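Reader: Before going into details, I would like to see the model itself. Please show it, and then we can take the questions in turn.

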Amino acid sequence: MEEVEFKKLHDPYQQSNMTPSTNTHTPSHFVRVLGPLIVGAGPSGLAAAACLKNQGVPAMILEQANCIASLWQFRTYDRLRLHLPKQFCQLPLMPFPIDFPTYPTKEQFLSYLESYAKNFNLKPVFNATVVSAEFDGRCGLWRVKTKINEYVCKWLIIATGENASEVVPRFEGMSEFNGPIVHTSSYKSGECFEHKSVLVVGCGNSGMEVCLDLCNYNTFPSLVVRDSLHVLPQEMFGISTFGLSMWLLKWFPVRIVDQFLLFVSRIMIGDTGRVGLSRPKLGPLEMKSIYGKTPVLDIGTLAKIRSGDIKVYPKIKKLACNIVEFVDGRMEKFDAIILATGYRSNVPTWLKDKSLFSKKEGLPMKKFLEGWKGEHGLYAVGFTKRGLLGTSIEATKVAEDIAPQWNSNRRVALWIYVNDWIGVYSNLRQKQLLMCARQMDE
Ligand SMILES: Cc1cc2nc3c(=O)[nH]c(=O)nc-3n(C[C@H](O)[C@H](O)[C@H](O)COP(=O)(O)OP(=O)(O)OC[C@H]3O[C@@H](n4cnc5c(N)ncnc54)[C@H](O)[C@@H]3O)c2cc1C
């Protein structure tokens with residue numbers, strides 16, 4: 001690991017020009033990271049580290065879980081496959097194996113990520129939850145804290161994802177509900193809900209797929225559809241709808257492509273409004289680009305709604321015991337509720353920054369393709385609302401931006417590194433290290 005670690009006691013920053021931490025956690029070790037520090041070892045963090053490595057830049061990755069891709073390992077359901085074809089989900093510099101199907105399974109995707117990390121020799125520091133990160137203007141470096149260590153680095157790459165924390169809505173009477181209320185992040189399969197009446201709240205790709213899964217386990221699922229939404233067939237004319245849209249957008253304006261998608265969808269899956277899934281006024285691609293709202297790609301749920309295997313309800317008004325009351329006045333008994341209500345970024349809880357991330361949503365404030373770079377060496381990968389395709393684009397850009405800076409600083413960085421291994425922690429050397437660290441920023 002390209003780092004210089006020494007006890008806080010001997011740390012020149014701590015002794016000379018850094019004020020005590022404002023955070024309640026007091027890390028016991030101080031770690032000087034010579035290259036970029038990446039927070040998060042999901043696909044985005046791994047992609048950023050691989051692209052940097054490819055440019056000759058060593059990076060350190062901090063990951064709160066005890067493995068890579070914790071979202072995919074622990075917080076996804078068993079039947080999950082990539083929603084988009086594999087060519088749009090592969091990370092930079094390493095394609096999926098050719099024998100993988102068009103829509104790889106969760107296990108296949110995870111095995112690909114394991115091979116990816118192995119191929120680029122990426123070894124994240126596990127069980128390292130970042131609890132605060134702040135730019136220290138006095139030394140011109142980022143101070144990143146976990147409960148155990150304080151890391152100091154020149155470049156900080158945020159790759160903690162758009163799905164870091166579950167969004168759990170509050171309903172009147174929620175505490176009185178007699179059955180389990182679980183978020184999709186804890187849902188594995190419909191097995192434990194057999195013969196039960198289950199209400200799925202939220203009709204994005206996850207909510208729709210969970211309903212379908214429940215049908216396969218002899219349950220009686222219902223779906224809460226609060227807002228209008230676009231449902232499109234997963235494929236059109238044997239091509240993925242996503243791929244076809246990307247191709248059409250090269251030639252036609254977004255509104256024309258939207259009209260085309262809606263026309264073909266109408267022929268293929270009929271009028272979704274008739275089963276309670278009314279469409280928004282804006283077309284699917286325009287909705288995505290303006291509001292970041294992803295259209296649902298139907299993989300069979302619509303047919304189950306049509307056949308009556310899945311019932312559709314509007315917004316929930318309140319809960320009481322096992323009864324759910326909806327805003328249209330209907331009341332129904334349910335044994336369990338599954339919240340497919342999405343996720344949010346956790347960045348505002350630990351990153352102190354005004355240049356890149358919004359305080360409210362924890363997403364970059366700049367628009368797509370501009371939101372990867374902030375001030376003072378701060379970067380973001382994986383916050384584009386464009387899935388793994390966005391990750392690949394940003395990881396490449398970030399590495400291309402950092403590599404020239406790293407190369408111009410490399411001699412000083414190596415000098416610090418070599419010094420640490422051969423040196424004794426004398427006062428003199430600590431002063432030299434401090435000077436070097438400052439030079440790196442100039
Ligand atoms: C059910 C589901 C299906 C999806 N299907 C697709 C698909 O088919 N195609 C597609 O392109 N996208 C899909 N996505 C979107 C998905 O978010 C991305 O594919 C991908 O996981 C994003 O990678 P990431 O690394 O940005 O975020 P994540 O995968 O969420 O990884 C972030 C990592 O950061 C870690 N972390 C978080 N906070 C901290 C902290 N404070 N300190 C240290 N570590 C931290 C987390 O533990 C995690 O390992 C899907 C998402 C879900 C939920």
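Reader: Which unit do β11, helix α5 and β12 make?
Author: This is a predicted model. Strand β11 spans residues 197-201, helix α5 spans residues 205-215 and β12 comes after them in the unit. Taken together, the three elements make a right-handed β-α-β unit.

Reader: In which sense do β11 and β12 pair, and over how many bridges?
Author: Two positions show how the strands line up: Ser197 stands opposite Phe220 in β12, and the bridge partner of Leu199 in β12 is Ser222. The pairing of β11 and β12 is parallel, and the number of bridges is 5.

Reader: What is the bridge partner of Leu223 in β17?
Author: Strand β17 covers residues 311-313. It pairs with β12 in the parallel sense over 3 bridges. In β17, the partner of Leu223 is Val312.

Reader: How many residues of β12 are buried?
Author: Strand β12 runs over residues 220-224 and is mostly covered. It pairs with β11 and also with β17. Of its 5 residues, the number buried is 4.

Reader: Which strands stand at the edges of the open sheet?
Author: The sheet has 5 strands in the order β10-β21-β11-β12-β17, with parallel pairing. Two of them have a single partner strand each, so one side of each is left without a neighbour in the sheet. From one strand to the next, the twist averages 25°. The edge strands are β10 (181-183) and β17.

Reader: Which strands does α5 touch, and what angle does its direction make with that of β12?
Author: Helix α5 packs on the sheet. The strands it touches are β11, β12 and β21 (336-339). Its direction and that of β12 make an angle of about 165°.

Reader: Is Val33 buried or exposed?
Author: Val33 lies in strand β2, residues 29-33. Its C-alpha is 7.9 Å from that of Lys154, although 121 residues separate the two in sequence. The cut-off for burial is 20 or more other C-beta atoms within 10 Å. Val33 has 26 C-beta neighbours inside 10 Å, and therefore it counts as buried.

Reader: Asn121 has a positive phi although it is not a glycine; is Asn121 buried or exposed?
Author: The phi of Asn121 is about 50°. Its place is in the loop between α4 (106-119) and β5 (132-136). Because Asn121 has 9 C-beta neighbours inside 10 Å, it counts as exposed.

Reader: Asn127 also lies in the loop between α4 and β5; what is its phi?
Author: Asn127 is partly exposed, because 14 other C-beta atoms lie within 10 Å. It is not a glycine, yet its phi is positive, at about 55°.

Reader: Which residues around the ligand come nearest?
Author: The shell around the ligand has 35 residues. Helices α2 (43-54), α3 (70-74) and α10 (387-422) each supply at least two of them. Those that come nearest are Gly40, Gly42, Gly161, Gly382 and Gly387.

Reader: How many residues of the shell around the ligand are nonpolar, polar and charged?
Author: Gly is counted as polar here, which applies to Gly40 and Gly42, two of the residues that come nearest to the ligand. The shell divides into 16 nonpolar, 17 polar and 2 charged.

Definitions and conventions:
Residues numbered from 1 in each chain as written. Predicted model: local features only at pLDDT ≥ 70, side-chain atom pairs only at ≥ 80, totals over all residues. Buried ≥ 20, exposed ≤ 12 C-beta atoms within 10 Å, placed from the backbone. Pairing = 2+ DSSP bridges. Right-handed = clockwise from strand over helix to strand, strands pointing away. Near = placed C-beta within 6 Å. Axes fitted to C-alpha atoms, helices over the stretch in contact; angles between N-to-C directions. Contact = placed C-beta atoms within 7 Å.
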